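This report walks through a protein model one region at a time. Please keep the structure open beside the text and look up each residue as it is named.

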Number of protein chains: 2
Amino acid sequence: MDNSKSLSEAFNAAPVQLAGHGKREVRVLKEAFAGVEEHMASDMYGTGELIEEFQAEMAEVLGKEAAVFFPSGTMAQQIALRIWSDRKGSKRVAYHPLCHLEIHEQDGLKELHHLQPLLLAGKDRLITLEDVKNMGAGIACLLLELPQREIGGQLPDYAELEAISAYCREQGIMLHLDGARLFEVLPYYGKTAAEVCSLFDSVYISFYKGIGGIAGAVLAGSGDFTGESKIWKRRHGGDLISLYPYIIPARHYYRQRVDKMGQYYAGAKELAALFNGCHNISTLPEVPVSNMFHVHFALSREQVERILITFSEETGIGFTPRLKETGEFSCSYELNIGDLYGGIPKAELEAAFGLLDRLLREA
Amino acid sequence: MDNSKSLSEAFNAAPVQLAGHGKREVRVLKEAFAGVEEHMASDMYGTGELIEEFQAEMAEVLGKEAAVFFPSGTMAQQIALRIWSDRKGSKRVAYHPLCHLEIHEQDGLKELHHLQPLLLAGKDRLITLEDVKNMGAGIACLLLELPQREIGGQLPDYAELEAISAYCREQGIMLHLDGARLFEVLPYYGKTAAEVCSLFDSVYISFYKGIGGIAGAVLAGSGDFTGESKIWKRRHGGDLISLYPYIIPARHYYRQRVDKMGQYYAGAKELAALFNGCHNISTLPEVPVSNMFHVHFALSREQVERILITFSEETGIGFTPRLKETGEFSCSYELNIGDLYGGIPKAELEAAFGLLDRLLREA
């Protein structure tokens with residue numbers, strides 16, 4: 001029996017899903033375009049009202065002089081680091097060992113830009129001011145990811161973030177924000193996007209995480225920085241004749257969801273408490289600091305798959321299509337709260353978690 | 001008076017346009033998605049039925065083992081040349097001096113891949129077998145563009161193309177096709193896409209030239225070549241979570257227009273003859289070999305702008321929003337025949353060209 005396939009099937013068949021905003025299907029695009037006038041002109045190679053207005057809006061939100069829309073964060077962030085590296089005359093940059101550039105991009109930063117990343121901190125913890133102070137000389141740019149996704153979406157205290165920023169400015173080290181989930185951390189910090197971004201020289205944000213768009217990213221910074229980034233965007237093959245199929249959904253879902261991040265965050269805390277009340281489950285972080293966390297099971301992946309299939313069949317609730325094996329007797333998955341969570345009645349949820357706890361105890 | 005702006009305004013205000021398929025506006029996307037089921041699942045990082053089926057369809061059309069959908073041709077072609085360069089262990093590639101990679105990509109090939117292009121032939125003519133034989137040793141890959149856009153869309157004789165292909169195979173030089181307008185040249189050659197592509201080791205095609213989609217490209221070749229191209233696509237930041245906003249329009253307009261290329265080609269020949277009948281105008285090529293050609297005026301850009309504005313106001317026909325200055329007393333523009341041309345009554349067109357000829361004689 002192919003358990004992995006079965007969990008995925010059970011998840012897809014479940015009428016209720018805990019996480020996210022709903023399935024990634026063509027409806028997402030159609031809804032975003034429903035109210036858009038047919039004769040609206042396309043953007044053309046980065047120019048035109050449609051792209052320029054959205055870039056200006058995002059620059060203002062992020063408190064930066066200018067912003068550029070990119071097809072992907074992979075492209076935007078490599079380019080940001082390349083620009084800072086060229087300006088500083090050093091190929092050395094620093095980031096977390098589980099940074100997106102290090103583990104999800106087939107080493108594009110090294111293969112295309114020949115940058116040499118220094119991996120700061122351990123794989124299981126955040127970068128600290130101490131780590132930054134111990135980087136040694138010659139680092140052109142430090143990249144910080146808020147929240148640090150691969151460790152459950154953890155965040156440094158705001159005071160530590162400010163101290164890191166102050167240290168980098170003092171040392172002439174450029175500070176870049178991987179803000180793929182920036183809006184998601186604002187309720188915890190109690191800050192505006194512009195306030196957080198003011199600590200950084202350049203910022204990338206994504207439109208298909210908490211925002212729930214289709215794809216696309218924005219890179220923001222000073223006008224000369226973003227101007228240079230457009231040249232690299234062309235070089236990377238990202239200066240598409242038309243990016244509006246991503247821009248219009250980005251704008252639509254940004255406006256629809258940016259003010260719901262507090263609600264998602266509250267949902268994540270509530271849900272993490274329910275998970276932590278179950279035998280053999282712990283969440284990372286224990287108390288979420290954004291809309292995301294990781295669920296860790298102290299049982300083998302095969303056992304948990306069987307339990308989640310049963311759970312899904314009995315309750316109609318799907319948790320995840322797949323589990324990550326983290327050891328012989330441990331596995332985990334990532335969870336992001338979105339629109340769907342709020343639609344599940346609390347009593348139903350508590351009853352379901354009662355069943356989950358029983359299934360885990362009996363395992 | 002800002003003539004350039006006025007020509008653009010006159011063009012945009014003209015109810016009839018000679019070239020293309022219509023304005024690049026949101027309608028193009030909406031039409032393509034109108035018949036698409038809302039619950040169709042998105043592609044996910046290059047996987048899923050939607051992308052895989054279209055890639056398989058294109059591989060078959062091009063007679064290649066496999067095909068990969070890319071957001072842009074800029075990305076696809078740099079990657080093709082990089083793969084062949086790595087395999088051959090040489091950074092030297094060859095292409096035309098007006099190749100897209102040389103003049104429109106901010107030197108991405110050099111800045112990101114450190115390849116060293118040898119520019120073959122003159123800027124005003126096609127690459128010949130003789131040029132290829134004189135390239136010297138150590139060229140990993142030769143890129144040929146069919147048709148050669150920047151010189152009006154000229155084509156080599158098919159026999160010469162076959163001879164270049166045979167020579168490259170004999171010498172172990174990889175041959176890559178810039179087929180941005182591949183479908184557009186098939187009526188002239190009287191060949192299928194697969195027949196033309198069989199002369200090449202790798203092929204790129206575009207979906208927003210004659211096909212009239214929104215953006216996007218396909219790179220095709222052997223399975224190991226396309227497999228490697230996917231790794232580079234990730235590195236470039238082109239492996240987007242969802243490419244369906246481009247794939248669905250590409251498929252829609254491909255099916256709608258691929259069989260109309262003969263009609264566009266016939267229209268281009270007819271229209272070029274009308275232009276060539278006018279004083280101070282010549283087309284390049286004189287007799288088109290695809291749906292495209294360049295219109296050259298033997299008058300200053302300012303003069304021609306004034307004439308085209310008058311022409312447009314009197315006839316309601318718009319030629320172009322802008323002219324390229326090619327000398328003190330010469331200018332030109334590029335023209336691609338699409339769906340719109342067939343809708344203009346012949347008598348109206350001939351009367352209009354009578355006026356154009358008069359305006360040019362009086363200039």
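## A buried aspartate in chain A

In which helix of chain A does A:Asp131 lie? The residue belongs to helix H7 of chain A, and, as everywhere in this report, the description refers to a predicted model. A:Asp131 has a relative accessible area of 13%, and because anything under 20% is classed as buried, this residue falls in that class.

Leaving out residues up to four places away in sequence, A:Asp131 touches A:Leu120, A:Ala121, A:Arg125 and A:Leu126. Its partner A:Leu120 is eleven residues away along the chain, while the C-alpha atoms of the two are 6.4 Å apart in space. Another of these partners, A:Ala121, sits in the loop between strand E4 (116-119) and helix H7 (129-133) of chain A, and its phi is near 70°, a positive value although the residue is not a glycine.

## Where the two chains meet

Between chain A and chain B, 50 residues of the one are in contact with 50 residues of the other. The two chains bury about 4100 Å² between them, and 59% of that area is on carbon and sulfur atoms. Of the area that chain A buries against chain B, 16% is supplied by A:Val26, A:Leu112 and A:Arg235, which is more than any other three residues give.

What kinds of polar pairing are found across this interface? There are 32 residue pairs in polar contact between chain A and chain B, counting pairs in which both residues have pLDDT 80 or more, whereas the rule for salt bridges finds zero across the interface. Helices H2 (26-34), H4 (73-88), H6 (108-113), H11 (223-236) and H12 (244-257) of chain A are the elements that each give two or more residues to the side of chain A that touches chain B. Helix H2 of chain A gives the most, with seven residues. Sorted by type, the residues on this side of chain A are 25 nonpolar, 13 polar and twelve charged.

## Helix H2 of chain B

Helix H2 of chain B, residues 26-34, is largely enclosed by the rest of the structure, because seven of its nine residues are buried. These buried residues are B:Val26, B:Arg27, B:Val28, B:Leu29, B:Lys30, B:Ala32 and B:Phe33. Their cover includes parts of both chains, namely H2 and H12 of chain A together with helix H12 (244-257) of chain B.

Within this helix, the side chains of B:Glu31 and B:Arg27 meet in a salt bridge, with N and O 3.2 Å apart. The two residues are four places apart, about one turn of the helix. An α-helix has 3.6 residues a turn, so residues three or four places apart point the same way. B:Arg27 is buried at 18% relative accessible area, while B:Glu31, at 35%, is partly exposed.

## Salt bridges and a buried arginine

Over all chains, a search of the whole structure finds 34 salt bridges. One of them joins B:Arg125 and B:Asp131 at 2.8 Å, N to O; here B:Arg125 is partly exposed at 35% relative accessibility, and B:Asp131 is buried at 13%. In chain A, the residues A:Glu25, A:Arg27 and A:Glu31 are linked in a network of salt bridges.

B:Arg82, found in helix H4 of chain B, is buried, with a relative accessible area of 9%. Its side chain makes a polar contact of 3.1 Å with the side chain of B:His113. Apart from neighbours within four places in sequence, the residues in contact with B:Arg82 are A:Glu111, B:Leu112, B:His113, B:Leu115 and B:Trp232.

## Backbone features in the loops

Most residues other than glycine have a negative phi, and most peptide bonds are trans. A:Gln106, in the loop between helix H5 (100-103) and H6 of chain A, has a positive phi of about 50°, and it is partly exposed, with a relative accessible area of 41%.

In chain B, a cis peptide bond joins B:Leu146 and B:Pro147, with omega about -10°; B:Pro147 is in the loop between strand E5 (141-145) and helix H8 (158-171). The peptide bond from B:Leu284 to B:Pro285 is also cis, with omega near -10°, and B:Pro285 is in the loop between strands E9 (281-284) and E10 (292-297).

Notes. Residues are numbered from 1 along each chain as its sequence is written. Chains are lettered from A and ligands numbered from 1 in the order in which they are written. Side-chain values use heavy atoms; hydrogens and water are left out. Contact means heavy atoms within 4.5 Å. Buried area is the accessible area (1.4 Å probe) that two parts lose on being put together, summed over both. A salt bridge is a side-chain nitrogen of Lys or Arg within 4 Å of a carboxyl oxygen of Asp or Glu. A polar contact is a pair of N or O atoms within 3.5 Å; within protein, one must be able to donate a hydrogen and the other to accept it, and residues adjacent in sequence count only if both atoms are side-chain atoms. Ala, Val, Leu, Ile, Met, Phe, Trp, Tyr, Cys and Pro count as nonpolar, Asp, Glu, Lys and Arg as charged, and the others, Gly among them, as polar. Buried means under 20% relative accessible area, exposed over 50%, partly exposed in between (1.4 Å probe, protein chains only).
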